[in-house]
Amino acid sequence: MAYNLLKGKRGIIFGALDTNSIAWKVAEKAHEEGATFTLTNAPVALRMGTINELAEKTNSQVIPADATSLEDLENLINQSMEVLGGKLDFILHSIGMSPNVRKNRKYPDLNYDFYHKTVDVSAMSFHKVMQVSRKLDAISDWGSVLALTYIAAQRVFPYYGDMADAKSMLESIARSFGVVYGKEKKIRVNTISQSPTPTTAGTGVKGFNALLDYTDMISPLGNASAEDCANFCITMFSDLTRMITMQNIYHDGGYSTTGVSIEVMEKVLGKEV
Ligand SMILES: NC(=O)c1ccc[n+]([C@@H]2O[C@H](COP(=O)([O-])OP(=O)(O)OC[C@H]3O[C@@H](n4cnc5c(N)ncnc54)[C@H](O)[C@@H]3O)[C@@H](O)[C@H]2O)c1
């Protein structure tokens, strides 16, 4: 059911690679809720993915941009304002990648060139998006900027490696840029900390399926799906959440504040609790 929550709003959605991507679901929902937006991804991902299908479905234009390139971002943001006919109201940063995780480099044995890449792609790019937007004065007052993150920023999880560091930095950027953008233009900046979700990025982490089962067993509501996450993103882009900024909000079925569940204890101990 649609509520027209984003009627008349313009945006940019980063990170839709295929139908499993969280950004893909956000784009579908944003379209249903009346928004117009451009879709973007790294040129190499555009060749591999199926984004044109989504563009057709949501009546949007695809503009390639490597989110680590200031030049690409400037072009993307300028072109988006031109195509959409005005300043932006929302931006979704749904980007993450670690060559160390991909190549299974353990945390005490990181490759530092890879580490730079992880941080640049997964965290610094968020700063770059906002720095370029601010220079171009591209976001309207009360606009909403969101990035997706994971609880490994606060707590240690196996095999998440240097992505944990990148996510900590990403969440810090949301606070530090949020104070500037809030004071200057009432623009909100937040991160959403999502449950493990079966996507290309998610399943690229070793042990992902076990983690998915475990967190589902711990969370009172179970894991939050990509579609649930998209619904939450839409409310964060809407005018109904105007006073939320500089927050990291858990969207995880209650996982982050649960100690342990009876189900997990019984499985581990092999007896009724
Ligand atoms: N899947 C999960 O379990 C999970 C959980 C919590 C948070 N997240 C976060 O959600 C976000 C979206 O990931 P997803 O799970 O939908 O996976 P996904 O693989 O579908 O999306 C990741 C996207 O990042 C893009 N990307 C990589 N390098 C880029 C670059 N240089 N420039 C522009 N784009 C680039 C990829 O092309 C891809 O579209 C990520 O920030 C991820 O860390 C995912």
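**Close-up views of a predicted model**

**View 1. The whole chain.** Here we have eleven helices and seven strands, where helices (H or I, at least four residues) and strands (E, at least two) are DSSP runs numbered from the N terminus. The radius of gyration is 18 Å, close to the 19 Å that the globule rule gives for 273 residues, so the protein is as compact as a globular protein of that length; the radius is taken over C-alpha atoms, and the rule is 2.2 Å times the number of residues to the power 0.38. This is a predicted model, in which local features need pLDDT of at least 70 and side-chain atom pairs count only at pLDDT 80 or more, while totals for chains, interfaces and linings use all residues. Residues are numbered from 1 along each chain as its sequence is written. Of the 273 residues, 44% count as buried, a label for residues with 20 or more other C-beta atoms within 10 Å of their own (exposed means 12 or fewer, partly exposed in between; C-beta atoms are placed from the backbone).

**View 2. The open sheet.** Seven strands line up in the order β3-β2-β1-β4-β5-β6-β7, with parallel pairing; two strands pair if DSSP finds at least two bridges between them. At the edges are β3 and β7 (248-251), each of which pairs on one side only. Follow β1 (residues 10-14) to β4 and you find a parallel pairing over three bridges, with Ile12 bridged to Ile91 of β4.

**View 3. Strand β5 and its neighbours.** Eight of the eleven residues of β5 (residues 139-149) are buried, so the strand is largely enclosed by the rest of the structure. Five bridges join β5 to β4 (residues 88-93), and these strands run parallel; Leu88 has Ile139 of β5 as its bridge partner. With β6 (residues 188-194), β5 pairs in the parallel sense over six bridges, and Leu146 stands opposite Asn190 of β6. Helix α7 (residues 163-185) completes a right-handed β-α-β unit with β5 and β6: with the strands pointing away from the viewer, the path from the first strand over the helix to the second runs clockwise.

**View 4. The nonpolar core around Ile13.** The largest nonpolar core has 67 residues, and Ile13, Ala16 and Leu92 are among those with the most contacts inside it. Such a core is a set of buried Ala, Val, Leu, Ile, Met, Phe, Trp, Tyr and Cys residues joined through C-beta atoms within 7 Å. Helix α7 gives the most to this core, with eight residues. Leaving aside neighbours within four places in sequence, the contacts of Ile13 include Ala23, Val26, Phe37 and Leu92; a contact means that the C-beta atoms of two residues, placed from the backbone, lie within 7 Å.

**View 5. The two faces of helix α3.** Ile51, Leu54 and Thr58 of α3 (residues 51-58) are buried. They cover an arc of only 55° around the axis, which puts them on the same side of α3; the arc is that of the directions from the helix axis to the C-beta atoms. Turned away from this buried side are the exposed residues Asn52 and Glu56. The buried residues pack against α1 (22-32), β2 (36-40), α2 (43-48) and β3 (61-62). Just after the helix, Asn59 takes a positive phi of about 60°.

**View 6. Ala42 in its loop.** Look for Ala42 in the loop between β2 and α2. Ala42 is buried, with 22 other C-beta atoms within 10 Å. Its C-alpha is 8.3 Å from that of Gly15, although the two are 27 residues apart in sequence. Not counting residues up to four places away, Ala42 touches Asp66 and Ala67.
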